[in-house]
Amino acid sequence: LLLAFQVRLVMKAHSFIRENVPRVLSSVKDKSGTVHIPRMSQYLYFLFAPTLIYRDNYPRNPTIRWGYVATKFAQVLGSLFYAYYIFVRLCIPQFRNSSQETFNLRGLVLCIFNSILPGVLILFLVFFAFLHCWLNAFAEMLRFADRMFYK
């Protein structure tokens with residue numbers, strides 16, 4: 001999680017620098033007296049907005065739909081509980097029995113193959129919880145209006 005957070009911050013910093021350095025350099029080259037430097041509030045909004053492309057202004061909704069935010073956070077919580085249930089019921093029993101037996105290749109292969117389906121289900125749940133629910137909840141709380149921004 002820490003590595004993913006750091007990668008996201010580095011990608012956002014790169015986008016911020018890539019968008020602002022050419023503007024500053026062109027105004028210095030032209031020797032114009034005004035240099036447009038983004039405000040700190042614009043940068044902070046960009047850090048929390050669900051986008052990797054920096055702009056000075058984003059389309060914004062006039063209001064926050066708190067019911068929608070609560071629904072998305074409830075879906076995140078439900079996804080986490082469902083992933084926990086899958087892990088406890090399908091993954092842990094496989095490896096609990098294998099720890100008491102002597103090591104053999106057949107048992108290891110059976111444990112791995114019996115854990116593939118629960119692992120894929122947990123992976124789908126994590127992607128749904130983070131990429132759909134978590135990011136949409138934060139987009140709504142920040143009033144980020146353009147849900148089709150990358151198109």
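Helices here are DSSP runs of H or I with at least four residues, numbered from the N terminus. The model shown is predicted.

**View 1. Two spans carry a transmembrane label in UniProt.** An unreviewed UniProt entry lists residues 66-87 and 107-135 as "transmembrane region". Such annotations may be inferred rather than shown by experiment. In the model, residues 66-87 are 100% helix and 0% strand. The C-alpha atoms at the ends of this span lie 31 Å apart. Residues 107-135 are also 100% helix, with 0% strand. Here the end C-alpha atoms are 40 Å apart.

**View 2. Pro62 sits in a loop.** Look between α2 (40-48) and α3 (66-98) to find Pro62. Is Pro62 buried or exposed? Pro62 is exposed, because its relative accessible area is 72% and the cut-off for exposed is over 50%. Now pick out Val120. Pro62 and Val120 are 58 residues apart along the chain, and their C-alpha atoms are separated by 39 Å.

**View 3. Arg55 and Glu19 form a salt bridge.** The whole structure holds 3 salt bridges. In this one, the side chains of Arg55 and Glu19 meet at 3.4 Å, N to O. Arg55 belongs to the loop between α2 and α3, while Glu19 is in helix α1 (residues 2-29), so the pair ties together parts 36 residues apart in sequence. Arg55 is partly exposed, at 35% relative accessibility. Glu19 is partly exposed too, with a relative accessible area of 32%.

**View 4. Asp56 pairs with Arg23.** The closest N and O atoms of this salt bridge are 2.6 Å apart. Asp56 is in the loop between α2 and α3, and Arg23 is in helix α1. The two residues are 33 apart, and their pair links distant parts of the chain. Arg23 counts as partly exposed, at 29% relative accessibility.

**View 5. Arg65 reaches Glu140.** What separates the closest N and O atoms of this salt bridge? The gap is 3.0 Å. Arg65 is in the loop between α2 and α3, and Glu140 is in helix α4 (residues 105-141), so this pair ties together parts that are 75 residues apart in sequence. Arg65 is partly exposed, at 45% relative accessibility. Glu140 is buried, at 0%.

**View 6. Nine residues make up the largest nonpolar core.** Its 9 residues include Phe16, Tyr45, Phe46 and Ala49. Tyr54 and Tyr58 are also among them, as are Ala139, Leu142 and Phe144. Domain 1 (1-57) and domain 2 (59-150) each supply at least three residues to this core. Zoom in on Tyr45. Leaving out residues up to four places away in sequence, Tyr45 touches Tyr58, Arg60, Leu142, Arg143 and Phe144.

**View 7. Cysteines appear here, but the structure has 0 disulfides.** Why does Cys111 have no bond to Cys91? Cys91 holds the closest cysteine sulfur to that of Cys111, but the distance is 10 Å, too far for a bond. A disulfide needs the two sulfur atoms within 2.5 Å. Cys111 is buried, with a relative accessible area of 8%. Cys133 is buried as well, with a relative accessible area of 0%.

Note on methods
Residues numbered from 1 in each chain as written. Predicted model: local features only at pLDDT ≥ 70, side-chain atom pairs only at ≥ 80, totals over all residues. Heavy atoms only, no water. Buried < 20%, exposed > 50% of the residue type's maximum accessible area, 1.4 Å probe, protein only. Salt bridge = Lys/Arg side-chain N within 4 Å of Asp/Glu carboxyl O. Core = buried A, V, L, I, M, F, W, Y, C linked by side-chain atoms within 4.5 Å. Domains from an automatic or database assignment. Contact = heavy atoms within 4.5 Å.
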